[in-house]
Amino acid sequence: MKLDFIITALSGGGAERVMVILANNFAQKGYEVSLITFNGKPEGDAYDLDSRIKRIRLHDGKFSNHKIRSFNNLYNYYKEKQNRPAIIISFLTFTNLISILVAKLYKIKIIVSEHISHLQGPSPKLLSNITRGYIYRMSDFVTVLTAFDIQYYKERKANVIVMPNPCTYTPIEENNHKRDNVLLAVGSLDRYHHKGFDNLIEFITPVLIANPDWSLKIIGGGINGEPHLKSLVKKNNITKQIIFTGFQDNVSEHMKNSSIFILSSRFEGLPMVLLEAMSQGMACISYNCKTGPSDIINHLSNGILVEDQNKTAMKKQLIELINNEDLRARLSKNAIKSLDSFSIEAISSKWETLF
């Protein structure tokens, strides 16, 4: 079966990483796989593709408007019958809009995927609302990350199904090594409001002051966000205990060696980074934001859920985790065991059912 995966670019990001993992998996299973992008950086893709995948870059064109250029390029590409797949799998709202319109013109089956909650909407909002409200019903399936979004898309007459992200890291087998006294957070610093890093610095300050042998490590790049967050750290006089690493390509190693993972986000889809931290045996604590964490964490079994944006409760639970090594060990052990339903084998099987 020929599958075409379509996304705007492979310049980094969670949705892009999921697409590459799925594309690689299906190529390994013997599917004929292509991956199509509309934009790209000169230095190339951020993720490695299986050598069997055909890489298609529809980046150039006569139109200055990105969406019009992308539509035109995809339309012209599929003019050639030999280029058409059995199924298109498209990720992210505006790429989905373009892919659906072209797929319908050529009568190609199409599955589109949303990787954020419907409460979040990419700008421009009007085009996002039109795509989700009217265009998605033209697709064969719309996949969403959690059951929270099902009713929203059903009301808009879309054929919607839950499709979780796979965990991108292989769960560790041995978890008896000594970990550093490090609290870890991961995400783009330019999206600090989304990731709650501004609030994180505020509520973590008294925790770190009370525990001088512990530190907070924030992994992620961000030209605009980093100076703002560093100014908050300086204002709170906690520069020695909060470390900004910048972008790292070995996040799993940091996770293996750190003790506690914190998800401070104001909103999420299904946070891959939480799955990744659990797979590396970290004791995880997360705000129970509107979607995502409660689909992964069973409170006090494989992690800790804190009332959404309740900074007082978060501080209290963090202090308990820092002081209770047995609790950290139990959460860590159970976290690794709980990830079977998020394995690439389990998730790719769900995709094959759709195919």
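## Exercises on salt bridges, a buried lysine and a parallel sheet

In this predicted model, the side chains of Arg57 and Asp45 form a salt bridge, with their closest N and O atoms 3.3 Å apart.

**Exercise 1.** Determine which parts of the chain are tied together by the pair Arg57 and Asp45, and how accessible each partner is.

*Solution.* Begin with the positions: Arg57 belongs to strand β3, while Asp45 sits in the loop between β2 and β3, so the salt bridge ties together parts that are 12 residues apart in sequence. Next, take the relative accessibility, which is 46% for Arg57 and 27% for Asp45. Because partly exposed covers the range between 20% and 50%, Arg57 counts as partly exposed, and Asp45 does as well. Finally, salt bridges with shared partners join Asp45, Arg55 and Arg57 into one network.

**Exercise 2.** Decide whether Lys195 and Glu268, which form a salt bridge, are buried or exposed, and locate them in the chain.

*Solution.* The closest N and O atoms of Lys195 and Glu268 are 3.0 Å apart. The pair links distant parts of the chain, since Lys195 is in helix α6 (residues 192-195) and Glu268 is in the loop between β11 and α10, 73 residues apart. With the limit for buried set at under 20% relative accessible area, Lys195 at 11% is buried, and Glu268 at 7% is buried.

**Exercise 3.** Examine the surroundings of Lys217 and state which side chain of opposite charge is nearest to it.

*Solution.* Lys217 is placed in strand β9 (residues 215-219). Although buried, Lys217 has no salt bridge, and the nearest side chain of opposite charge, that of Asp180, is 5.7 Å away; a salt bridge would require the nitrogen to lie within 4 Å of a carboxyl oxygen. A polar contact of 3.3 Å does, however, join the side chains of Lys217 and His254. Leaving aside neighbours within four places in sequence, the contacts of Lys217 include Val182, Leu184, Ile243 and Thr245.

**Exercise 4.** Work out the strand order of the open sheet and identify which strands stand at its edges.

*Solution.* The sheet has 7 strands, paired in parallel and ordered β3-β2-β1-β4-β5-β6-β7. Reading that order from its ends, β3 (54-57) and β7 (160-162) each have a single partner strand, so one side of each is left without a neighbour in the sheet. Within the sheet, β1 (residues 2-7) pairs with β4 (residues 87-91) over 4 bridges, and Asp4 has Ile88 in β4 as its bridge partner. Helix α1 (residues 14-28) lies across β1, β2 and β4, running at about 170° to β1.

Methods
Residues are numbered from 1 along each chain as its sequence is written. This is a predicted model: local features need pLDDT of at least 70, side-chain atom pairs count only at pLDDT 80 or more; totals for chains, interfaces and linings use all residues. Side-chain values use heavy atoms; hydrogens and water are left out. Two strands pair if DSSP finds at least two bridges between them. Helices (H or I, at least four residues) and strands (E, at least two) are DSSP runs, numbered from the N terminus. Contact means heavy atoms within 4.5 Å. Axes are lines fitted to C-alpha atoms, for helices over the stretch in contact, and angles run from 0 to 180 degrees between N-to-C directions. Buried means under 20% relative accessible area, exposed over 50%, partly exposed in between (1.4 Å probe, protein chains only). Lys and Arg count as positive and Asp and Glu as negative; His and the chain ends are not counted. A polar contact is a pair of N or O atoms within 3.5 Å; within protein, one must be able to donate a hydrogen and the other to accept it, and residues adjacent in sequence count only if both atoms are side-chain atoms.
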